[in-house]
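Thanks for coming. I will go through one model today, starting with strand pairing and moving on to helices and chain contacts. Here it is.

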Amino acid sequence: MILKTEKLTKVFGGLKAVDKVDLDVQEGDIHAIIGPNGAGKSTFFNLVTHYLDQDEGRVIFKGEDITNLPPHRICKKGVVRCFQRANIYPMLTVAESVQMAVLSQQGKALNMFRPTRNMSRSEVADILDNTDLSEHADVRGDALSHGDKKRLELAIALGNRPDLLLLDEPTAGMSREETRATMELIKGFRDRMNLTILFTEHDMSVVFGIARRITVLHQGCIIADGIPEEVRNNEEVQQVYLGVEA
Amino acid sequence: MRIMSFFGKTVPFFSSRQARWLLVPFVAVLVLIPFLVEEFWVHVVTEMAIMSLFALSFNLLFGYLGCLSFGQAAYLGVAGYSLILMHMHTHLNFVLCLIAGVLIGGLWALIAGYFCTRLSGIYFAIMTLVVAEATFYITFEWYSFTNGPNGLQIMPPAILRGALNYYFYTLAIVIPAIVAYWFLVNSPFGRSLQCIRDNPDKTPYIGILVRKHMLIAFVIAGLYAALAGVLWAPFNRGVSPWYCGMMKSGDAVFMGILGGVYTFAGPIVGAVIWTFLDAFVSRITEYWPLTIGFIILLVILFMRGGILGTLKEKIKGSRWGQAEKPVSREEAAP
Amino acid sequence: MDIVMAQIVSGLVRGSFLFLVTIGLTLIYGVLSVLNVAHVSFYMLGAYFACTFWKIMQGYGFSYWVAIPLTCLTMGTIGLIIEVVLMRRLYTRIQGEVLLATFALIYIFSDAAKLTWGIQAYSMSDKPEILTKSLGTIGLVSYPVSIAFTMGIAVLVGVGLWFWLHRTKFGKIVRATQSDREMVSALGIPVPLIYTSVFAISALLAGLAGAVWVATGIVQPGRLDMPMLPQVFCTMVIGGMGSLVGTAAAALIVGEVFALSILIAPKAGMVAIFVVTALILIILPWGLFGTKGRLE
């Protein structure tokens with residue numbers, strides 16, 4: 001069990017965005033969190049990566065309580081997060097952005113004496129290969145298409161050598177074709193790099209095609225958790241997703 | 001409100017290969033200048049060199065980190081005062097006093113930075129200004145220690161008293177300092193500052209503790225200002241409270257803007273031009289503030305990116321620049 | 001004890017001045033989200049103009065009272081011109097650039113004042129008797145009416161502004177513009193006109209502050225613009241950028257801190273203000289009432 005949350009709770013005003021969530025993620029899994037809009041998926045990620053303070057509960061990663069660690073430490077420990085809206089460095093090139101994450105993970109971010117230009121080139125090239133961005137290596141972040149920006153987001157995350165990768169709606173805003181390609185990509189580097197992936201998604205076809213385990217959130221609570229077949233046949237899930245299920 | 005950002009990746013004005021070719025003739029010129037001009041201009045060029053460090057100090061925080069500091073003079077002034085006070089009250093030799101001056105200036109930057117880096121945006125700028133003004137008032141009012149508005153005097157040691165001697169001494173310190181600065185801003189640390197500038201929300205999530213980097217940058221900038229301070233005090237034969245305050249800090253800001261904050265050499269060019277203008281205009285008229293005010297306004301309105309920034313744009317547009325442009329996606333597709 | 005009382009009152013007066021000078025800048029920052037540091041120059045110019053208008057009509061008993069609105073009008077006009085000619089081009093720029101451009105303006109105005117009025121000090125040689133009369137005595141200290149005048153104007157401006165912003169139609173439009181510019185524009189209201197008006201009003205307020213200063217103070221080159229800037233900043237920052245209530249509260253705090261600290265360490269007044277500012281920012285990084293440019 002690589003990640004475990006215990007009674008994780010976040011309240012906004014009177015609204016329980018995340019309500020006593022107990023989630024287990026197994027090492028090596030591709031685990032999906034699904035739920036309608038407002039179910040609390042992004043808030044959950046925000047709590048795990050300490051973008052927000054939790055009101056109650058704990059987050060345990062590889063046996064260690066990481067609940068109150070500052071975000072950069074959580075990242076260094078191996079929990080890396082991709083944002084829902086592609087949040088990249090507009091002025092750095094693709095290679096440079098990834099390189100920054102790589103150097104940061106290697107603890108070299110405070111190095112003041114060597115020119116960055118040639119550091120860790122092969123690792124960066126590897127990651128760009130894995131995310132299909134090699135031909136865009138010298139393109140600036142803001143010149144990329146939306147789909148490429150999302151892949152850059154992935155590449156930057158890989159630069160931090162994650163053990164657990166949190167993907168917040170990785171295919172949001174993508175066409176059918178791009179969605180398929182992206183999920184193939186993710187599956188690809190996951191297999192090669194031995195990562196655990198926890199992702200949130202709206203699109204049911206994506207989820208049932210790739211996830212080994214699914215957790216369903218509704219109004220901040222878990223209403224189902226298990227292998228895809230179980231979840232698909234769960235009555236409460238069907239009710240919540242009436243009309244939405246693929 | 002949409003805000004037009006003219007952030008650019010801060011790069012050397014010349015590519016490294018070009019810079020290497022220019023370096024030798026440039027240094028040669030620097031060495032020959034004092035023998036070709038009258039003493040007044042040797043003083044001016046010395047001042048240009050010292051002010052370059054001051055401008056670079058400002059720009060580490062503004063151009064690279066994206067934080068506007070209106071208070072770099074506080075560290076320049078404190079360093080100058082420390083140098084003189086150490087020299088007056090202890091009998092340590094001059095070199096040790098220099099080092100003490102720089103370190104104490106850096107210490108003041110550490111203290112101020114601890115508070116300032118907790119803030120962001122306009123609050124940061126205002127706080128740095130407050131620190132500078134506080135330094136001004138402390139040196140102004142603490143008559144018994146700092147001699148108040150009269151300031152303190154110092155003569156450089158005998159071997160440095162000639163214009164030429166002090167000039168080469170200054171170069172011997174400034175040039176390595178600028179080279180070190182180049183390594184600093186091109187290092188992973190320098191890159192991390194740009195990351196913090198361009199996307200402060202994302203940067204913790206690639207594993208960087210933003211506040212630590214900001215504080216380190218603040219102290220380094222303070223050290224550069226302090227270095228300028230210990231070079232300036234003996235050159236100027238003394239310091240006074242006005243070297244610690246908001247207006248002197250504003251000079252560093254002006255130099256940066258004038259030369260171009262998003263290039264490496266911009267602040268240096270800005271310092272050179274500013275010092276030249278100061279020397280030149282002061283001979284003609286007493287209305288220096290009016291002159292520099294108009295120049296800065298014009299630069300901000302019409303020459304975004306300062307002198308070097310604007311030049312860079314012009315070169316990029318011409319044939320020269322084509323080879324340097326990164327290939328965008330549209331152009332790459334056959 | 002008398003001295004303490006006198007200092008407390010002095011602090012109130014000082015706070016009132018600070019409020020009058022700062023409130024225009026708060027208004028601009030709250031609505032336009034720009035920091036026009038040349039605001040202190042408007043204050044200085046207001047003081048100079050007030051002296052000049054007073055001098056022109058010297059001999060008439062009412063000269064000062066007429067000089068005040070004339071000054072306000074003049075400064076409002078100057079503010080309007082500056083907004084149209086310069087500020088408009090800066091709205092899309094980053095904060096740093098606006099601050100620098102207006103800082104350059106301070107330099108320009110400072111020399112312009114020197115060119116126009118010379119370097120000698122100005123003051124109203126025979127102040128209106130009603131102001132110099134004694135309001136009363138507490139212990140051994142006699143308090144002139146002018147302190148009530150200053151504080152009264154500050155309260156009037158504060159209450160008037162609040163009323164204007166919260167109860168009048170124009171004021172509500174101004175507040176709406178601050179929160180959602182696009183929406184106001186979509187409703188057919190000319191936003192640039194609003195910006196110009198607010199800027200002109202803030203310049204007018206600065207002019208008013210200058211005119212009030214002339215009742216009791218001396219006008220000297222370089223003494224009214226630059227030295228005011230750190231205090232104005234501290235007030236804005238302590239109160240919370242863009243908050244009307246915050247500016248009022250902060251002005252009082254800063255005024256009293258200065259006045260009372262003089263009792264303990266005579267030269268430490270300004271530094272005491274700065275230390276208090278730093279301390280408050282540690283506990284409340286957005287100031288007492290501020291959250292990123294809210295005007296209320």
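In chain A, A:Leu164 stands opposite A:Thr196, which lies in strand E8. Before going on, the ground rules: this is a predicted model, where local features need pLDDT of at least 70, side-chain atom pairs count only at pLDDT 80 or more, and totals for chains, interfaces and linings use all residues. Residues are numbered from 1 along each chain as its sequence is written, and chains are lettered from A and ligands numbered from 1 in the order in which they are written.

Helices and strands here are DSSP runs, numbered from the N terminus: H or I over at least four residues for a helix, E over at least two for a strand. Two strands pair if DSSP finds at least two bridges between them. Back to that pair: strand E7 of chain A, residues 164-168, runs parallel to strand E8, residues 196-201, and 5 bridges join them. Both belong to an open sheet of 6 strands in chain A, ordered E6-E7-E8-E3-E9-E10, with mixed pairing. Strand E6 (79-82) and strand E10 (221-226) are the edges, each pairing on one side only. On average, neighbouring strands of this sheet are turned by 15° against each other, direction ignored.

Also in chain A, strand E1 (residues 3-12) and strand E2 (residues 15-25) pair in the antiparallel sense over 7 bridges. A:Leu8 has A:Val21 in E2(A) as its bridge partner. The hairpin of these two strands has 2 residues between them, and A:Gly13 takes a positive phi near 60° there.

Now helices, in chain C. How do helix H1 and helix H9 of chain C cross? The axes of H1(C), residues 2-32, and H9(C), residues 191-216, come within 8 Å and cross at roughly 170°. Axes are lines fitted to C-alpha atoms, for helices over the stretch in contact, and angles run from 0 to 180 degrees between N-to-C directions. That makes the two helices roughly antiparallel, a label for angles over 145 degrees. The contact (C-beta atoms, placed from the backbone, within 7 Å) includes C:Phe17, C:Leu20 and C:Val21 in H1(C), and C:Leu208, C:Ala209 and C:Val212 in H9(C). By class, it has 20 nonpolar, 2 polar and no charged residues. Nonpolar means Ala, Val, Leu, Ile, Met, Phe, Trp, Tyr, Cys and Pro; charged means Asp, Glu, Lys and Arg; the others, Gly among them, are polar.

C:Leu20 comes up again in the largest nonpolar core, which has 280 residues: B:Phe54, B:Ala228 and C:Leu20 touch the most other members. The largest share, 18 residues, comes from helix H9 of chain B, residues 210-235.

Chain contacts next. Between chains C and B, 36 residues of C and 38 residues of B take part. On the chain C side, helix H4 gives the most, with 13 residues. That side has 24 nonpolar, 6 polar and 6 charged residues.

Chain B also touches chain A, through 27 residues of B and 37 of A. Here helix H8 of chain B gives the most to the B side, with 6 residues. The B side divides into 14 nonpolar, 7 polar and 6 charged residues.

Last, a loop. C:Gln58 sits between helix H2 (39-56) and helix H3 (63-90) of chain C. Is C:Gln58 buried or exposed? It counts as exposed, because it has 12 C-beta neighbours inside 10 Å; the cut-offs are 20 or more for buried, 12 or fewer for exposed, and partly exposed in between.

Note on methods. Core = buried A, V, L, I, M, F, W, Y, C linked by C-beta atoms within 7 Å. Contact = placed C-beta atoms within 7 Å. Parallel < 35°, antiparallel > 145°, perpendicular 65-115°, else oblique.
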